[in-house]
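Open the model in your viewer and keep the selection panel at hand. The stops below go from a cavity to a core and then to ring pairs.

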Amino acid sequence: MIEKIIKAEKLTPESFRPFGDVIGPQATKPTVSTDILSFWDLVAELRMMDAEVGCLIVKSRPFTFGKMERHVKTTEMFIPMGSCSIFPLAPASRLDDPEATPSPDEVRAFVMDGTAAVLLKEGVWHWAPFPLTDLGTYLVLLRKGTVESDLDIKDLEATKRVMFKLTL
């Protein structure tokens with residue numbers, strides 16, 4: 001068994017670009033700014049029709065995993081509800097190949113501090129966030145029916161004999 005240690009990175013628009021968009025306060029000038037608000041339009045584009053909102057609650061657990069999942073027909077947004085976590089990801093690979101798996105050498109992890117959401121591109125491999133407290137709660141936006149018809153989970157521990165260990 002190979003153990004790959006993944007050091008969690010700071011979540012920035014630049015570091016996250018291979019996986020999607022960071023949705024939160026922007027470094028650019030707001031589209032509208034008044035004495036009571038700042039608003040930036042088009043910080044990301046949702047490319048999903050007939051979307052649904054789900055609620056994800058993840059429990060504290062050891063920072064190890066051997067599986068990853070993807071959805072090739074939809075983007076997916078994770079909106080933390082006051083949760084801080086480590087979120088493991090790998091770039092999308094061969095969207096048209098149901099046998100594709102993430103490359104263990106491309107797995108990365110990001111610290112989500114609760115101040116920004118993330119919008120994953122289609123096919124980005126991920127696993128459930130690892131909360132830094134007892135529980136983590138997220139709103140999840142994705143195409144309706146994704147869980148039933150677009151859920152591709154790969155067991156890398158069984159097929160590639162690799163386990164990932166996250167560190168801060």
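The count comes to one cavity of 30 Å³ or more, a cavity being a set of points on a 1 Å grid over the protein atoms alone where a 1.4 Å probe fits but cannot get out. Its volume, the space filled by probe spheres set on the points, is about 30 Å³. This is a predicted model: local features need pLDDT of at least 70, side-chain atom pairs count only at pLDDT 80 or more, and totals for chains, interfaces and linings use all residues. Residues are numbered from 1 along each chain as its sequence is written, and side-chain values use heavy atoms, without hydrogens and water.

Select the lining (an atom within 4 Å of a point): His 71, Thr 74, Glu 76, Leu 120, Lys 121, Gly 123, Val 124 and His 126.

Stay on Leu 120. Among the residues in contact with Leu 120 (heavy atoms within 4.5 Å), beyond four places in sequence, are Phe 16, Phe 87, Leu 89 and His 126.

Next, select Phe 16 and Phe 110, both buried (under 20% relative accessible area, 1.4 Å probe, protein chains only). Their ring centres are 5.2 Å apart and their planes at 75 degrees, so the pair is edge-to-face (centres within 6.5 Å, planes over 60 degrees apart).

Then move to Phe 63 and Phe 130, another edge-to-face pair, at 6.0 Å centre to centre and 80 degrees between the planes. Phe 130 is buried at 0% relative accessible area. To finish, add Phe 65 and Phe 164: ring pairs link them with Phe 63 and Phe 130 into a cluster.

Definitions and conventions. On a 1 Å grid over the protein atoms alone, a cavity is a set of points where a 1.4 Å probe fits but cannot get out, and a pocket is an open set with protein on both sides within 12 Å along at least five of seven lines; lining residues have an atom within 4 Å of a point. Rings of Phe, Tyr and Trp (its six-membered ring) pair if their centres lie within 6.5 Å; planes under 30 degrees apart count as stacked, over 60 as edge-to-face and the rest as tilted. Buried means under 20% relative accessible area, exposed over 50%, partly exposed in between (1.4 Å probe, protein chains only).
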